[in-house]
Amino acid sequence: MNIPFLGHRHPKTGEAVLPADPEGVADLLSECELLRSQAAEAGVRLDDSPASLEALDQMVPRWRDDEEILPWLGNDAGFYLGTVIVRTVPGAAWDIRPGGPVVRLASGREFDVVASGLEWAASGVPELSQLYAEVAES
């Protein structure tokens with residue numbers, strides 16, 4: 001898959017090559033429109049802070065009754081978790097992979113935040129704030 005705004009593939013390895021504007025990629029991944037609208041309806045303000053992850057964890061999960069919304073919301077929750085990590089944990093950055101974006105820490109450790117967001121949307125476990133705390137400790 002070649003999505004121009006996410007960069008192009010390296011001709012030999014097939015790995016994604018980030019565009020010259022990683023901040024633009026971060027802004028794009030931080031949109032999370034569905035999650036932001038659901039949060040706003042619940043009176044939760046998403047300000048890209050760790051505290052906003054705690055507020056999301058407290059929301060009543062009405063989306064679990066809608067099989068169409070659930071995966072979209074899970075993706076958004078993962079992107080939002082990644083956004084908070086990238087914006088608040090020193091050295092954290094998005095890394096676009098063929099399987100989807102991951103967050104890479106300065107230590108080299110990587111987190112599939114989208115998978116975590118999908119788990120959270122489906123069951124509430126693990127909590128987004130708990131995941132953030134584990135990543136921030138690393």
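Guide: Buried means under 20% relative accessible area, exposed over 50%, and partly exposed in between (1.4 Å probe, protein chains only). This is a predicted model, in which local features need pLDDT of at least 70 and side-chain atom pairs count only at pLDDT 80 or more, while totals for chains, interfaces and linings use all residues. Residues are numbered from 1 along each chain as its sequence is written, and side-chain values use heavy atoms, with hydrogens and water left out.

Visitor: What percentage of the residues in the protein is buried?
Guide: The secondary structure consists of six helices and five strands, which are DSSP runs numbered from the N terminus (helices H or I, at least four residues; strands E, at least two). Along the sequence they follow the pattern β-β-α-α-α-α-β-β-β-α-α. Of the 138 residues, the buried portion is 42%.

Visitor: Around the axis of helix 5, how wide an arc do the buried residues cover?
Guide: Helix 5 spans residues 113-123 and buries V113, V114, S116, G117, W120 and A121. These residues are on the same side of helix 5, because their arc (taken from the directions from the helix axis to the C-beta atoms) is only 155°.

Visitor: Which residue takes a positive phi just after helix 5?
Guide: The helix itself is residues 113-123. Just beyond its end, a positive phi of about 85° is found at G124.

Visitor: In helix 3, which residues are buried, and within what arc do they fall?
Guide: The buried residues of helix 3 are S52, L53, L56 and D57. Their cover includes helix 2, helix 4, helix 5 and helix 6. They line one face of helix 3, because the arc they fall within, seen down the axis, is 150°.

Visitor: Which two residues touch the most other members of the largest nonpolar core?
Guide: A nonpolar core is a set of buried Ala, Val, Leu, Ile, Met, Phe, Trp, Tyr and Cys residues joined through side-chain atoms within 4.5 Å. The largest one has 35 residues. Helix 1 (22-29), helix 2 (33-41), helix 3 (50-57), helix 4, strand 3, helix 5 and helix 6 (128-137) each give two or more residues to it, and the largest share, eight residues, is that of helix 4. Those with the most contacts to other members are L56 and I85.

Visitor: What does L56 touch, leaving out residues up to four places away in sequence?
Guide: L56 is one of the buried residues of helix 3. With contact meaning heavy atoms within 4.5 Å, its partners are L35, A39, V44, L46, Y80, W120 and L128.

Visitor: Are the planes of F79 and W94 stacked or edge-to-face?
Guide: The whole structure holds two aromatic pairs, where rings of Phe, Tyr and Trp (its six-membered ring) pair if their centres lie within 6.5 Å, with planes under 30 degrees apart stacked, over 60 edge-to-face and the rest tilted. F79 lies in helix 4 (residues 69-88) and W94 in strand 3 (residues 93-97), so the pair ties together parts that are 15 residues apart in sequence. Both residues are buried. With centres 6.4 Å apart and planes at 70°, the pair is therefore edge-to-face.

Visitor: What distance separates the C-alpha atoms of I96 and V25?
Guide: I96 is in strand 3 and counts as buried because its relative accessibility is 8%. V25 is 71 residues away along the chain, and the C-alpha separation is 9.2 Å.

Visitor: Among contacts between residues at least 6 apart in sequence, what percentage joins residues at least 24 apart?
Guide: I96 and V25 show one separation along the chain, of 71 residues. Across the protein, for contacts between residues at least 6 apart, the portion joining residues at least 24 apart is 54%.
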